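I opened my notebook to look through this structure one topic at a time. Here are the entries, in the order I made them.

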Amino acid sequence: MDWFEEVTKAAAYLKSRLTAVPQVAVVLGSGLGFLESQMKDAISIPYGEIPGFPVSTVPGHSGRLVSGSLGGTPALLFCGRVHLYEGLSPQKVAMQVRTAGLLGVKAVLLTNAAGGLDPTWTPGEIMLITDHVNLQGTNVLCGPVESRFGERFVDLTDAYDAELRSQVRRQARAMGIVVREGVYLGLLGPSYETRAEIRMFRLLGVDAVGMSTVQETIAARQLGMRVLGFSVVTNMAAGLSFGKLSHDEVKETAARVQKRFSELLVASVRTAGQVVSGG
Ligand code: HPA
């Protein structure tokens, strides 16, 4: 498969439909498909219409791209993502981010639902990702060298942009929104973790666990895009609270924080737009 060709086709199709060059892209995770109503001059394109685009099979993940202006910044909103556990390759998982990159996007905001490992946190908290650990057992850069996407050996030191993070922290403070910071662990899923795994991950310095984001971050960094990552801690990780973990709990908590989180995301898109346009 020529992935560059695949992504180029998707980008060419979108170019024919979009009216503005987007600066910032947002990928919305489980149960977080809410930001769309905030978009001005929105054009909505179902993933099924975009050549080669994978369509999500997960309840709570809608599947459309919305282009428009968010807080005055030309933006793309990916409402719904796909995951490795759906049986898709990392290259398919990264198609959204790579297509955004070929369309001229300079910063991506990746959101996800995650289990929290810090016992002092409670479900509903928002965590800015400072760094990740990739234990998904694969890497989107595996395969033939594709220099049109960038380097083969991509540097992931400071993968989550320090300047943007500090701006978001400042914004959050001004808005009265509490934001945690921590390390995100990307796992394959789709089963949740065992208690023993969570005990091990705590020893390793992980703050939140999830089943997405890391491949997208790697692909975005290869293309030179700036990355911000946000985890909504939808539940305490296995063994850290009573009861069973369930996707319903994940969706319920995500729904509960929608308003606060969407306000923070709009502000973050605006900030990222200002930084990447040098304004
Ligand atoms: N583990 C893995 N992924 C998740 C979790 C979790 O506890 N919650 C939401 N996504």
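**Entry 1: aromatic rings**

I began with the rings, and I kept in mind that this is a predicted model. Tyr 47, Phe 53 and Phe 78 are joined into a cluster by ring pairs. I counted four aromatic pairs in total.

I then looked at Phe 4 and Phe 149. Their ring centres are 5.1 Å apart and their planes meet at 65°, so I noted the pair as edge-to-face, for which the angle must be over 60 degrees. Where do these two residues lie? Phe 4 is in helix H1 (residues 3–17), while Phe 149 is in the loop between strand S6 (126–135) and helix H4 (162–175). The pair therefore ties together parts that are 145 residues apart in sequence. Both Phe 4 and Phe 149 are buried.

Phe 230 and Phe 261 came next. With centres 5.9 Å apart and planes at 70°, this pair is edge-to-face, too. Phe 230 belongs to strand S9 (residues 226–236) and Phe 261 to helix H7 (residues 247–276), so here the parts tied together are 31 residues apart in sequence. I found Phe 230 and Phe 261 buried.

One more note on Phe 149: Arg 98 lies over the face of its ring, 3.9 Å from the ring centre.

**Entry 2: the ligand**

Which residues surround the ligand? I listed Ala 113, Ala 114, Gly 115, Tyr 192, Glu 193, Val 209, Gly 210, Met 211, Thr 234, Asn 235, Leu 245 and Val 250. I sorted this shell into seven nonpolar residues, four polar ones and one charged.

I also checked which strands contribute. Strand S5 (107–116), strand S8 (208–210) and S9 each give at least two residues to the shell. S5 has the largest share, with three residues.

For the polar atoms, I went through the nitrogen atoms of the ligand. A polar backbone atom of Ala 113 is 3.3 Å from a ligand nitrogen, and a polar backbone atom of Gly 115 is 3.4 Å from a ligand nitrogen. From Asn 235 it is a polar side-chain atom that lies 2.7 Å from a nitrogen of the ligand. How much of the ligand does the protein bury? The ligand exposes 260 Å² when taken alone, and the protein buries 95% of that.

**Entry 3: helix H6 and its surroundings**

I wanted to know whether helix H6 (residues 214–222) is enclosed or open. Eight of its nine residues are buried, so H6 is largely enclosed by the rest of the structure. I wrote down the buried ones: Val 214, Gln 215, Glu 216, Thr 217, Ile 218, Ala 219, Ala 220 and Gln 222.

Gln 215 has a polar contact worth recording: its side chain meets the side chain of Gln 136 at 3.0 Å. Gln 136 sits in the loop between S6 and H4. Its relative accessibility is 6%, so Gln 136 counts as buried, the limit being under 20%.

On either side of H6 I looked at backbone angles. Thr 213, in the loop between S8 and H6, has a positive phi of about 75° although it is not a glycine. Thr 213 is buried, with a relative accessible area of 0%. Just after H6, Gly 224 takes a positive phi of about 80°.

**Entry 4: other backbone points**

Asp 158 is another residue that is not a glycine yet has a positive phi, here about 55°. I placed Asp 158 in the loop between S6 and H4. Is Asp 158 buried or exposed? It is exposed, with a relative accessible area of 58%.

I also checked the peptide bond between Gly 189 and Pro 190, which is cis, with omega about -5°. Pro 190 is in the loop between strand S7 (179–187) and helix H5 (195–203).

**Entry 5: Ala 267**

My last stop was Ala 267, which has its place in helix H7. Ala 267 is buried, at a relative accessible area of 4%. I then looked at its C-alpha atom and that of Ala 172: the two are separated by 8.5 Å, although the residues are 95 apart along the chain.

Key. Residues are numbered from 1 along each chain as its sequence is written. Side-chain values use heavy atoms; hydrogens and water are left out. Rings of Phe, Tyr and Trp (its six-membered ring) pair if their centres lie within 6.5 Å; planes under 30 degrees apart count as stacked, over 60 as edge-to-face and the rest as tilted. Helices (H or I, at least four residues) and strands (E, at least two) are DSSP runs, numbered from the N terminus. Buried means under 20% relative accessible area, exposed over 50%, partly exposed in between (1.4 Å probe, protein chains only). A charge sits over a ring if NZ of Lys or CZ of Arg is within 6 Å of the ring centre and within 35 degrees of the ring normal. A residue is near a molecule or strand if one of its heavy atoms lies within 4 Å of it. A polar contact is a pair of N or O atoms within 3.5 Å; within protein, one must be able to donate a hydrogen and the other to accept it, and residues adjacent in sequence count only if both atoms are side-chain atoms. Accessible areas come from the Shrake-Rupley method with a 1.4 Å probe; for residues, only the protein chains shown count as cover. Ala, Val, Leu, Ile, Met, Phe, Trp, Tyr, Cys and Pro count as nonpolar, Asp, Glu, Lys and Arg as charged, and the others, Gly among them, as polar.
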